[in-house]
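Please examine the structure shown below. A series of questions and answers on selected parts of it is then given.

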Amino acid sequence: MRRQTRQAPAYKPLIPLGKLLGRIALRYRSAKPEPLHLPSIVLCNHTTNWDPILVAVSFRDALSFVASEHILHWGVFSRIISAIAHPIIRRKATVAAATALQIARTIRAGGHVCIFAEGDRTFNGVTGPFFTATAKLVRMTGAQLVTFRLEGGYFSSPRWSDTLRKGKFYGHEVNRYSPETLKAMSTEEIDACIARDLHEDAYARQRQSPVRYRGKRLAESLETALYFCPRCGGLGTLKSEGNRLYCTCGLQAEYTQTGFLRGMEPPFDTVYGWDAWQREELKRRLDTVVLSDPDAALLQTAEDGSSIQLASGTLRMQKDALSVGEERIPMENISAMSICGRCELVFSTAETSYEIRRETPYNAYKYRTMFELLHQSLPGKTPASPIAG
């Protein structure tokens, strides 16, 4: 008989409460999957901060979630999460070898692990890339692979927003792959199955079956996802208020209840389309562009969650370096970069982990995008696996 995971006694009584919260706050519904039976790795796309709760209440079996170390910084709430769910902690923007070992131990003990394969929430509504290390990890552990897809989450709680919207939010199991099936497949074949099963294009789904997501201040903080104006080419000139996004040059767009943009010139009617354009624009300017935001602090962080401030001043990134005040870090030394929440930039070198903090929200997404574009051109560089929650 498979051993029970240690969190099950405290975990299962909370499932009805989690279901109720999901339905009230986000109108979340899920299909009812069969029991897992075999030790399993559940892979899911990542759309909202609520995803771990929503996936947990969608399964009959207790799941251990791979989660960012930032959940350890929430005081009493952190201790409650740790006591109930025993999360497997993953430091964002670092190599995930230690996390992989903890996952393997959980599987060997007969447990189930849930991983959000992208390692990050989507800013534009389309499932992001994941790494081949995920397929290798599944094969290494000998676990059953279960793919689970969330649909409607991007419009229910956009990453760039701090407001919730009520519409349609649905989760369901897509496929199960037995250990025997996985052994007969190549890493590339497993990758292809994961990519197919977890791919979610929120806007393509909306075009096919429109749903209204009702809420307040629908466009506010959209400038934390969009950074180039397509009319004047300005960087950091976008502002939002209520349901409206605008630029100092006179461009205006309305964010509607279906998530589409209305009134754009040129005609981007989706955040995804705008984001695809601005990524190419940033790539075109890569040799000369300087990204900057004032009043930032650079912190060096430790595994126990403690940190020390190294510098303060204007945050800048250009082709050769990232700097805050007088502290400068060459781009070639930065091995990984990620974002926690909406705009908390974290990155690491071979020896050190860092975090950028600002008192007010800003667009951290442009820094990560520039890092990705620069990283692609550096010889011998392979981004760290983003196993995270």
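The exchange below takes up a sheet, two helices, a single residue and a cavity in turn.

Me: On what basis are the residues numbered, and what limits apply to this model?

Reply: The model is predicted; local features need pLDDT of at least 70, side-chain atom pairs count only at pLDDT 80 or more, and totals for chains, interfaces and linings use all residues. Side-chain values use heavy atoms, with hydrogens and water left out, and residues are numbered from 1 along each chain as its sequence is written.

Me: Which strands stand at the edges of the open sheet of seven strands?

Reply: Helices (H or I, at least four residues) and strands (E, at least two) are DSSP runs numbered from the N terminus, and two strands pair if DSSP finds at least two bridges between them. The open sheet has the order β15-β14-β13-β12-β18-β17-β16, with antiparallel pairing. Two of these strands have a single partner strand each, so one side of each is left without a neighbour in the sheet: β15 (327-330) and β16 (336-340).

Me: By what angle are neighbouring strands of this sheet turned against each other on average?

Reply: The axes are lines fitted to C-alpha atoms, for helices over the stretch in contact, and angles run from 0 to 180 degrees between N-to-C directions. With direction ignored, the average for neighbouring strands of this sheet is 30°.

Me: How many bridges join β12 to β13?

Reply: In the hairpin of β12 and β13, five residues lie between the strands, and Gly-305 takes a positive phi near 95°. Ala-297 stands opposite Ser-312 in β13. Strand β13 (residues 307-317) runs antiparallel to β12, and the bridges that join them number nine.

Me: Which residue of β18 is the bridge partner of Gln-300?

Reply: Strand β12 (residues 291-301) is joined by six bridges to the antiparallel strand β18 (residues 353-358). Thr-301 has Ser-353 as its bridge partner in β18. For Gln-300, the partner is Tyr-354.

Me: Why do the buried residues of α2 line one face of the helix?

Reply: Buried means under 20% relative accessible area, exposed over 50%, and partly exposed in between (1.4 Å probe, protein chains only). The buried residues of α2 (residues 15-26) are Ile-15, Gly-18, Gly-22, Ala-25 and Leu-26. The face turned away from them carries the exposed residues Pro-16 and Ile-24. Seen down the axis, the directions from the helix axis to the C-beta atoms of the buried residues fall within an arc of 110°, so they line one face.

Me: How many of the twelve residues of α12 are buried?

Reply: The expected span of a helix is 1.5 Å times one less than its number of residues; for α12 (residues 365-376) this gives 16 Å, and the end C-alpha atoms are 17 Å apart, which agrees. Among the buried residues of α12 are Tyr-365, Arg-368, Phe-371 and His-375. The helix is mostly covered, and the number buried is ten.

Me: Is Thr-187 buried or exposed?

Reply: Thr-187 lies in helix α9 (residues 187-198). Its C-alpha atom is separated by 5.9 Å from that of Ala-135, 52 residues apart along the chain. At 15% relative accessibility, Thr-187 counts as buried.

Me: Which elements give two or more residues to the lining of the second largest cavity?

Reply: A cavity is a set of points on a 1 Å grid over the protein atoms alone where a 1.4 Å probe fits but cannot get out, and lining residues have an atom within 4 Å of a point. The second largest cavity is lined by 15 residues, including Asn-45 and Glu-200. The elements are β6 (144-151) and α7 (153-156).

Terms used:
On a 1 Å grid over the protein atoms alone, a cavity is a set of points where a 1.4 Å probe fits but cannot get out, and a pocket is an open set with protein on both sides within 12 Å along at least five of seven lines; lining residues have an atom within 4 Å of a point.
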